[in-house]
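Trainee: Please take me through one part of this model in close detail. I would like the sheet of the second chain, then its setting.

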Amino acid sequence: MTPNPTIFTPLLIVSLGIFAWGCWRRLNLVALGASENRFDSFGRRMGEMLLYAFGQKRVLASPFGINHFVIFWSFLILLIANTEFMLHGVFPFISLENLPASLYLPLLLVLDIISLLALAAVGIAAVRRIAAPPYPEARTMEAFFILGLIAVLMLAYFSINGSRIAHGEMTAALPWLPVSGRVASFIPSASAPSFYAIGWWTHAVVLLLFMNYLPYSKHLHILTAIPNCFFRRLEQPNTQPREEFTSGNEFGVARVDRFSWKDLLDSLSCTECGRCQNACPAGITGKPLNPRGIMHEIKVNLLENGPLLKRGEKPVRPLIGEGEGSCPEGAIWSCTTCGACMGVCPVFIEHVPKIVQMRRNLVEEEARFPEELLNLFENMEGRSNPWGIAPTERAKWSATLEVKPFDRETTEYLFYVGCAGSFDSRNKHVTVALAQLMDRAGISWGILGKDEKCCGDSVRRLGNEFVFDRMARENVALFRERGVTKVITQCPHCFSTLKNDYRQYGLELEVIHHSELLRNLVRDGRLALDTSAAAFGATVFHDSCYLGRHNDVYDAPREVIQAGTGTAPVEMGRNRDNAFCCGAGGGRMWMEEHAGTRINLARVEEALQQKPDTICVSCPYCMTMFEDGLKDVKAENVRVRDVAEILAEAALR
Amino acid sequence: MLIVVCIKQVPDTTQVQIDPVTNTLVREGIPFIVNPYDTHALEEALRLKDQFGYRVAALSMGPPNAEATLKKALALGVDRAILLSDRVFGGADTLATSNVLAAAIRKLHDEFDRVGLVLCGKQTIDGDTAQVGPGIASRLNFRQLTLVDRIVNLDPVGRKIRVSRKLEGRHEIVETPLPAMLTVVRELNRPRYPKVPMRLAAAEAIVEVWNNQVLKLDEQSIGLKGSPTWVSKIFSPERAKGEILGDGYGDPEGTAQLLVGRLLSQDLLAL
């Protein structure tokens, strides 16, 4: 029994041609994007690709990931069989059978078993998609169609081998084909040739169909996901690129080709697995944001406008707006930039920078943003703090203490207090506790006082890059002029901005979050601790996104709590890199939550499930969100404390 | 038709210090802003521009560094920005100031475009006199509508305007033929936010400066010489220092009781 090259060969050539054309038409749209260097550190990129694309590390992190792992590796291994299949169809003399038996027979066994595993995996995937889909809209015809195609391919493979066995061929290989051998027992030898022909042509047609459907479906990720892992951002995506403010430039992104090529590749790499939307605090609490949706709209927009833009024509669909292929403004403004979506994406799609880029367009080109932000922007620009309080009030928190001004000759560290620590009455208690702890430990520190300016975190995340740029320049100049090299912050937003964003301005600082500083002081035995009277009870710790997920500081605050209370903190269901945002990041601190339920209430309720006496935070925004949330749920017996306050209780008594 | 908006650069702080010797405001080290009421006047002019296609000119009398204030107006979209700056304009009271501003408006009217509306903030946050707008109106012989919180209707054909005035406990709807001078309150509108390309263009734009060689005003009617008002003394009223009661953080309930008790004892609260 042999295939029919005269029919198959032209079919294959046409299919490969159409496939290549389809891939080219889609993938070359990526070249429309702006340039961005993702070609550095080749070795490291290869390693990341092996670990995350081939090792499927992030896929396996979710319970159902193993199923995808099986399908992915089956697909790779079965590429051998499928390549042979196509070559054999054109040149019948090419066959794996020509390999030495010692190689051929074990290979048959592997292919036989892998095919069965793949069949089982697509079956499980189909059942899961019906019974417990990752998200309700995941029950698409497309998904079932693809799963069906793969299943048919496997069945056809067994049918080809089974009918050959039933026909009396492959006798030597029979012990190596447990599944196909079993299939053969159901095929009468007389009808084996027809089974073979049906199996072979089914396999041929479905394979070519699959191949040609691929570029037009979410299964394009088969081609794009691996390079997307290779081109991933090697640092945490905790900042956004600078903009150059010269006349004639366009600001932010309102047209798909203004994204970078990597942004466009991201959109073509999305597998619609839904991990991002199941991690998104905005989406979960009923806001109009769905990170998967953002990627989908960008992809649809690219596919529709891309060819027009290539020809130099006007795009027909707005990137920001309503309807498929456009990102709704409500979604763009809902993001807390917590980074949970990016943390779980198996193929390293960077959602947040795209959202911020679109915010930039709305703020800088259109001056269109939620009205609460007008005051914020003016206060930041005019008085360098979110509340518009007179800058002369900045050092008022220190009235009861003796605090030195920072001077490079006499003080080692700059204590960059930040706006919340300087002006917010609740957070001023944290500032005082930290100052006293530093004094007790004999740290040499000083403040900038009324010369301190806001770091600009909120305005940058909100897309007001123009104002951020001014603030960053002023701060960088001030730090240089004063000779600041080591900075202590008590706010993860200041921490991340000084550490990661100001690097773009050529300022490399040693920035230490106070939880790290306190951890070091405890470790070095520089604070005498007495936890005998610790009255915090069960203490649950909430990870700040900008300390944890964006900067990988997870252990320091936990060690401080351990030192301050004598016991390790209780963990919430979602903790560390899976922690759930308090709702205040990305400038959301200054905005109303009009849609859905409040994010801070969701997190407060999650914390209360642990029956804590104290909720411990490491961020002034989290502090405000928890204080407010606890009042809203009337859990007045639970208190919120910063890590510094907890340690102060044990160190300052 | 041309709409003229008069804006002023004022120190940005409620804690303006007063020089005890000269009895004038200490301006050193205090950042300047556009007088907040004027931003609403500016916004309304720009809305009328968007709606009717009128041209808008911003005027400011002040020292050379008041240019920054006019650049903000340019970034928001005014067509012309003119700084009235000359040493001889300095030290002006409200009368002398309105003489200069009125002269500049007259010049714009004669040489550029017919002025139909002059918009001013209801007062400035540094002087708080609320006299300059009306002063301009009387010098130009324009109708004056003060404390406007809504333009009900502007009839370009019939050349009249109907506005709502925000008065104590009531609103008054009044109508007058153009040209008119309006002073506006904050409730009138929400000022727009400047777009970055406009800011960049404004940064490069040149603000026209008119001195007295341009305006050719009699020096007896401007500046210190033209100011019949003399400030004999400015001072901050002494205020008893506040007091922190109890420990609101450690014992909110007890502190609240303490506060209520104190308020009751001073007859500031009645049960």
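**The sheet of chain B**

Mentor: Chain B has seven helices and 13 strands. Keep in mind that this is a predicted model.

Start with the sheet itself. Nine strands of chain B form an open sheet with mixed pairing. Read across, the order is β11-β10-β9-β12-β8-β1-β6-β7-β13. Now look at the edges. There stand β11 (170-177) and β13 (208-210) of chain B, each with a single partner strand, so one side of each has no neighbour in the sheet. The sheet is also twisted from strand to strand: neighbours are turned by 35° against each other on average, direction ignored.

Next, pick out one pair. Strand β9 (residues 143-155) of chain B runs parallel to strand β12 (residues 180-184) of chain B, and four bridges join the two. In general, strands of a sheet pair through backbone hydrogen bonds, either parallel or antiparallel. For a landmark in this pair, find V148(B); V184(B) in β12(B) stands opposite.

Now the helices on the sheet. Helix α1 (residues 36-52) of chain B packs on the sheet. Its contacts are with β1 (2-6), β6 (55-61), β8 (115-121), β9 and β12 of chain B. The direction of α1 makes about 150° with that of β8(B). Helix α2 (residues 67-76) of chain B lies across β6 and β7 (80-84) of chain B. Against β7(B), helix α2 runs at about 165°. Strand β6 of chain B is thus touched by α1, and α2 lies across β6 too.

Step back to the whole chain. The domain assignment of chain B gives domain 1 as 2-221 and domain 2 as 240-271. Their C-alpha centres lie 45 Å apart. Along the principal axes, the C-alpha atoms of chain B fill a box of roughly 70 × 45 × 40 Å. Of the 271 residues of chain B, 38% count as buried. Contacts reach far along the sequence: among those in chain B between residues at least 6 apart, 67% join residues at least 24 apart.

Finally, the partner chain. The contact takes 17 residues from chain B and 13 residues from chain A. On the side of chain A that touches chain B, the elements giving two or more residues are α16 (351-365) and α17 (372-383) of chain A. Helix α17(A) gives the most, with three residues. By class, that side of chain A has seven nonpolar, three polar and three charged residues.

Definitions and conventions. Residues numbered from 1 in each chain as written. Chains lettered and ligands numbered in written order. Predicted model: local features only at pLDDT ≥ 70, side-chain atom pairs only at ≥ 80, totals over all residues. Contact = placed C-beta atoms within 7 Å. Nonpolar A, V, L, I, M, F, W, Y, C, P; charged D, E, K, R; others polar. Pairing = 2+ DSSP bridges. Axes fitted to C-alpha atoms, helices over the stretch in contact; angles between N-to-C directions. Domains from an automatic or database assignment. Buried ≥ 20, exposed ≤ 12 C-beta atoms within 10 Å, placed from the backbone.
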